[in-house]
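This report describes selected features of a protein structure for a reader who is new to the subject. Please consult the sequence and the structure while reading.

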Amino acid sequence: MLAAGCVDLSQFDTDATSTAATTSTTTTTGEPSETTLAPTTTGTTAVVTTSSDTGEQPTTGAPPGPAPIQRCQLIPALELREAACAGAEDCEIRGVMRLGCDGAAFYPHLAAAPFGDAALYVQTQAVPTFGIQHEAFLLTAQGSAFADMWVTENTFGGRSGELMPRQDGQIELWFQDGQNPPTILYPPQAEIDPEGYSIPTAVRDDIQWFLGTRTRPDDVPMAYFTVGEADIRALYDLPGGRVEQPLIAGAEAWTIWLHEVAGALKMSWSQFSAELDGTYLFVRDLEAPADQPGAPLVRLGDFAAGRPRTAVISSFGDGSHGVVMTERDLGEPTRLVAGEPWLYEEILGGVTVECPTPTCAGGCGAAPPCVESRAEAWGVGLQNGPEVVRTWHLECPHEVSLTWQEDSYFDILCLCDKCRCEAQAGEIVEHPCELVASTLAPDPNAPDTLLRTETWRRPLGFERSELVVDAVVGDDTLWLLTRSTLPDAQIAVWIVDTE
C-alpha cells in the first residue's frame with residue numbers, strides 16, 4: 001500500500017530500455033527529469049465489457065510494447081510570482097508553476113482531489129506510438145509531482161480524459177473518445193499491451209456520456225455519468241469498496257456541485273423549469289432517491305441565462321441560501337447571483353470609464369476621440385466560510401479608442417427613423433489580467449441583501465486573448481490553471497491562499 005501522494009518508483013525508467021527508476025517533485029526550484037512509464041509486470045489483459053470498474057488484471061507471457069515517454073513537466077516560475085506580488089507586503093500567491101510540454105498540449109484542466117489537493121490533466125501526442133497520451137500531476141501543499149500517464153488509441157474523437165484522484169494518492173483515468181460509448185477506465189500505473197497502449201480495468205458500454213469526477217466534502221472520490229437517455233448514476237470510491245447507484249432520474253443535470261450543510265451531504269445542479277418559468281439552481285440531499293426533485297435555491301434568469309461555473313450553499317441562515325458564479329459563455333457576462341433571503345446580482349467587469357455619447361445635433365464626426373476603459377471578467381471560484389462567501393474572478397482591463405459615426409434607428413413611438421451617433425472602435429490597448437479576491441456577506445445597511453467587498457487584486461502578467469481558466473478550491477488553497485497566448489504562450493498553475 002502506498003502512502004498518500006507517493007508514486008511507485010518501480011514504474012518509471014529514465015529511458016525506454018533502462019530500469020533505473022527516477023521521479024521528481026516540484027517545490028520551489030529545480031526541473032523534473034524526463035521519465036518513461038514501464039509496467040512492473042509484462043503481459044496483456046483481455047478487456048471484458050462490464051458494469052464494474054474493479055478487479056484484478058490477468059497477465060500473459062506476451063511482452064509489453066514500447067513504454068511511453070513523459071512529455072510534460074511542471075517547472076517553478078518564481079519570476080511570475082515575484083511580478084504578481086510586486087509591492088505587496090503579504091502576498092496571497094504562494095507559488096506558480098509553468099507546464100512545459102515537449103510537443104503540443106491539449107485540454108489542460110484540474111480535478112479536485114481528497115484532502116484539499118488537486119490533480120492536473122494534460123493531453124499530448126504519445127511517443128513512440130501514434131496514440132493519445134494522458135499525463136497527470138498531483139498538486140499538494142507540500143509540493144507537486146508527476147503522478148501517472150496512459151496511452152490510448154487515437155480515434156480523433158476530440159475529447160479529453162477525466163482524472164479521479166483517490167485517497168491513497170493514486171490517480172485513475174476515465175476516457176470516452178468522442179460522444180458515444182464506450183467509456184474506458186484505466187487504473188493507476190496501467191500495464192502496457194504489446195502495441196504500446198495502456199491496459200484498462202474496464203470498458204463500460206452502458207455509459208452514454210461520462211460527465212465528470214468530483215471529490216465529496218467527506219473526501220470520497222466520485223464519478224458520475226449518464227446511463228440511458230437522461231438518467232445519471234454515481235460511482236463512489238468508499239473506503240470499504242466501490243458503490244454505484246442512481247443519482248438523478250430524468251433531469252439534464254450535466255454539471256453538479258457537492259456541499260456539506262450541518263453535517264449532511266447535498267448536491268446542486270442548474271435546470272430550466274417550465275413550471276417556475278426560469279433557470280434555477282436546485283438542491284437536495286445527495287443520498288435522496290434519484291427521482292426526488294430538487295428544491296429551487298437560486299433563480300439564474302430565463303431560459304437563456306448563463307451557465308453556472310460554480311455554486312456554494314452559504315452559512316447565512318439555515319442552510320437554504322445559495323450563491324452562484326456563472327460562466328462567461330456565448331456572449332453572457334460573468335455574474336454573481338444569490339437567492340432569497342439575501343438577494344444579490346452583479347455583472348463582474350464591464351465599463352469602468354465610459355465615453356459620453358455625442359448628439360447628432362453637434363455632429364457625430366466632429367466629436368473628439370475618446371478612450372473608454374473596460375474590463376472583461378472570467379469566473380474562477382467560490383468558497384463558503386463561517387461568516388462570508390469568498391469569491392475569486394479574473395478581470396482583464398483594456399482601453400478602446402472610440403470615434404463616432406452618424407447612424408439611424410427606427411423609433412416605434414413615432415414610427416419614424418431617428419439619428420444617433422454610433423461608436424466606432426479603434427485602437428485597443430491591453431493590460432495584464434488581474435486575479436481579484438472578494439468576500440460576500442450580509443449588508444449591514446441594506447436588509448436581505450449581500451455586499452461584495454474586494455480584499456485584494458494581483459496582476460498575473462497575461463492578456464485576455466484566447467484565455468482559458470480552470471480552478472479547484474481546496475480547504476486552504478485555490479488552485480488556478482490559466483492558459484494564455486499573449487504576451488507569450490503559457491500554461492500556468494497558480495497556488496493561492498484562500499484566507
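## Surface, sheet and salt bridges

Leu413 is located in the loop between β28 (389-411) and β29 (416-430). The model is a predicted one. Leu413 is exposed, because its relative accessible area is 78% and the term applies to values over 50%. Together with Phe410, Ile412 and Leu415, Leu413 makes a nonpolar surface patch of about 530 Å².

Elsewhere, four strands form an open sheet in the order β18-β19-β20-β21, with antiparallel pairing. Its edge strands, β18 (256-261) and β21 (295-301), each pair on one side only. On average, neighbouring strands of this sheet are turned by 30 degrees against each other, direction ignored. Strand β20 (residues 278-285) pairs with β21 over five bridges in the antiparallel sense, and Val283 stands opposite Ala295 in β21.

Side chains of opposite charge can pair when their charged atoms come close. The count of salt bridges in the model is 27. Three of them are listed here.

| Salt bridge | N to O distance |
|---|---|
| Asp102 and Arg71 | 4.0 Å |
| Arg464 and Glu376 | 2.6 Å |
| Glu430 and Arg464 | 2.9 Å |

Glu430 in strand β29 and Arg464 in the loop between β31 and β32 are 34 residues apart. At 26% relative accessibility, Glu430 is partly exposed. In the pair of Asp102 and Arg71, Asp102 is exposed, with a relative accessible area of 52%, whereas Arg71 counts as buried at 13%. A network of salt bridges also links Arg166, Asp168, Glu172, Asp237 and Arg242.

Notes
Residues numbered from 1 in each chain as written. Predicted model: local features only at pLDDT ≥ 70, side-chain atom pairs only at ≥ 80, totals over all residues. Heavy atoms only, no water. Patch = residues over 30% accessible without salt bridge, like charges linked within 9 Å, V, L, I, M, F, W, Y side chains within 5 Å. Areas by Shrake-Rupley, 256 points an atom, 1.4 Å probe, with all protein chains shown as cover. Salt bridge = Lys/Arg side-chain N within 4 Å of Asp/Glu carboxyl O. Helix = DSSP H or I, 4+ residues; strand = E, 2+ residues; numbered from the N terminus. Buried < 20%, exposed > 50% of the residue type's maximum accessible area, 1.4 Å probe, protein only. Pairing = 2+ DSSP bridges. Axes fitted to C-alpha atoms, helices over the stretch in contact; angles between N-to-C directions.
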